[in-house]
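Open the model in your viewer and keep the sequence panel visible. The stops below say what to select and what is there.

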Amino acid sequence: MATKSGDTAHLYDGKTVRSSAPSRKKLAGTSSSSGEIPKDAIPTVEIPTFIESLLGGPLVPKMKFLPADKMVQNLQLGCYGVLIALGILTYIVTPAVGTIWFTVTGSMTVASILQIMVVVCAVGTGFWGTMFRDARFLLVSYVLFILSVMRFASSKVSFSQDLFGEAFMESELMLTILVVIYAVLLVMYFELSNGVLRFSMLDTSIRTREVYVMNVKKIIGKYHRSLVINPLIAGTLAMLVLSVNTILPAFISLFSEQTALRMEESVELISVYGVALGTLFVFIIVGGLFILDLPTHLQSWRENKD
Amino acid sequence: MWSRKSAMLGSLAVAMYLLGLTLRNSQLVTIAVVIFVFLTWAALFGSHADVSASGRRADEWTGEEGVALSNVSAMRKLSSARIFEDGEVGVTLRMQNHSALGKILEVRDRVPEVMRIKDGANYILMELGPRRETFIEYTVECPLRGFYSLGPVAVRVQDPFGLFHKEKELHVYNDFLVFPKMEELKDTFVKSRVPKIFTGAVNIRQPGPGSEFYSLREYFEGDSFRAINWSAYARSGKLMVNERERDAVSDIILIVDSRAVSETGPVSRNALVYSTRAAASLAKFFLGRRDSVGLITYGDEVVSVDRDTGKKQLYVILTKLAGAMARGNVPLQVVVNRILPHINKGSPIIVLSNLEDDPTIISALRDFRARNFDVTVLSPSSLEFEFDAKRLDRTGYEVLKTERDVLISELSSLGVNIMDWEPDMLLSTALAGARGF
């Protein structure tokens, strides 16, 4: 039977009650000369920082990375390669015209210098962040890359350098391919640099015996396959989505040649709004598939097939 | 479920898409499209599509497993369900994939925080093939007594880029018990003054059939010739016989203080830990001597184990000690009032308490002594635990130590056998000290 100390006063009636030594529990943490909470009274909890969780989140609680293993080194090398290609492509596809610095300074030379500086800084911080596996530098690099592409472009794809000749510049398809490659490289850079951090954390946890990994080769193999397949698929599908303004007239031409011709020459359809409209149209279909729960059915079919 | 990474990429894509439209910048729109495609592909083929597809947000998620994890099951086996402190439990976790699809799974078998993984790992990243099973083995070290439960098994499946994941808790639990560690005792110096009807192995300081020498007396007719002490006869010229101390079964009452204050100090070094270990050791010793042992723990309520003998009683006592939680603040006087009518006069009573925060201690022990009970108090000093853990400065320690010494002297003057049990002192030493040896 539970008896609360507050209900037992009657037990002491008529007895001499002596006060005992004060509770050490109450004194714990308050009796030290400095008055600080003792360090051992606070449990250590490792919580991933906000930036870490944005970058894919650590698989296990944060700790200092051990020297990179072969897998991480390979990812770092891949990341450097992508970074160089991305730097060059960013410089090509993002001329200084229409940038914030051009609007502010009004000088093409100054704007070009600033634009080059932004790209160089983006590449530099990316290199630094990848080499030292520091998420903060990587985040700065991402922001700078996005900043460099943020410009008023008047619906027209224009390049800062005519490196590929006039024929290339006049081909709509080639321009789209170049921009898609640029976009895919940017996303790949995001992913590879994240991979460097994620696998460093995993490797550190494996070596400190926090995590045990079974069939390491298969797990890494799957990641490597995804690194190749996913960008290819993303690039191809993006190409299809961005070519809606050419696919749509081709489809319409089956019914009316004239309407198709008018659509092909329509400024609205070949402008960025046309691309955006096409994108929206495609993603409404994708959204519809999600609403119909197609992925679940697909997953279920894959799970249960013999 | 969306990870923060996928949420960030999704938001970035939307922002770029809208900004692209505003700035008429097709590069921005293109990047947004590529990111959208990337996310859609991962959502469709990343073994988690059931969650993202349903469009449910993380906070709406009810914990029901989706398709991806519906065919994963787990079973667990423990090497032992009862161990002593600092013992080890071997855990074998069997993971099965019943589906036709191979999966990359993150498996974390939840282990109580106080336990340490000694061998193997409870966190595994694995590739589990279609219709395959695997065994995960690890060993946990259990440094503290208590009732523990292993589980649930948390399983997570995610796409290779960590964009989406699906989690499921497999509610597989295994309970086990960690008994307090015991110290081997040779003698406790605690003897009953009151004989019981049947003989046992405890000396009760009265002449009678027994094994230990009590005194010499003159020979009377009927005494056994074997009992004659020939050396004494040679010395005195009279026939003298050896009298032996009567052996009998005693009732031993162990009282363990499990009030909230008893847990003052570090987790592994506090009065409650020491008290439970001492109570377990004493119970084993007395039961081994064929005494009957009863246990009372008091914290937020008074819990008692009736006096009994034998090995079964030891397990009953150990189980109660394993489950003793530091809670409440029931005064010792309440315990005394409760048990006094039920215990035999003269029975040895052993109190294990840090003697803190209880103004009734003196009056309660006086009540015992007034009825001629043989009272022994072992008092693990919380003061020392805190001082060792550097939670008390020297001045505070000295002041509190003086107060404690005064209290101990006061109890000692009542005829209580008391010992201020310091952290590094063995139980046998503390007992000997309490009994004046």
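**Stop 1: a strand in chain B**

Select strand S6 of chain B, residues 123-128: six of its six residues are buried, where buried means that 20 or more other C-beta atoms, placed from the backbone, lie within 10 Å of the residue's own. Strands here are DSSP E runs of at least two residues and helices are H or I runs of at least four, numbered from the N terminus. This is a predicted model, in which local features need pLDDT of at least 70, side-chain atom pairs count only at pLDDT 80 or more, and totals for chains, interfaces and linings use all residues. Residues are numbered from 1 along each chain as its sequence is written, and chains are lettered from A and ligands numbered from 1 in the order in which they are written.

Colour the two faces of S6(B) separately. Tyr123(B), Leu125(B) and Glu127(B) lie on one side, Ile124(B), Met126(B) and Leu128(B) on the other, and all are buried.

**Stop 2: its partners**

Add strand S4 of chain B, residues 103-109, which pairs with S6(B) in the antiparallel sense over six bridges; pairing requires at least two DSSP bridges between strands. Arg108(B) has Tyr123(B) as its bridge partner.

Now add strand S1 of chain A, residues 212-213, which runs parallel to S6(B) and is joined to it by two bridges. Here Val213(A) is partnered with Leu125(B). Chain A has 14 helices and one strand.

**Stop 3: two helices**

Select H6(B), residues 271-288, and H7(B), residues 311-322: their axes come within 10 Å and cross at roughly 175°. The axes are lines fitted to C-alpha atoms over the stretch in contact, with angles running from 0 to 180 degrees between N-to-C directions. H6(B) is therefore roughly antiparallel to H7(B), the term for angles over 145 degrees.

Terms used. A residue is buried if 20 or more other C-beta atoms lie within 10 Å of its own, exposed if 12 or fewer, and partly exposed in between; C-beta atoms are placed from the backbone. Angles under 35 degrees count as roughly parallel, over 145 as roughly antiparallel, 65 to 115 as roughly perpendicular and the rest as oblique.
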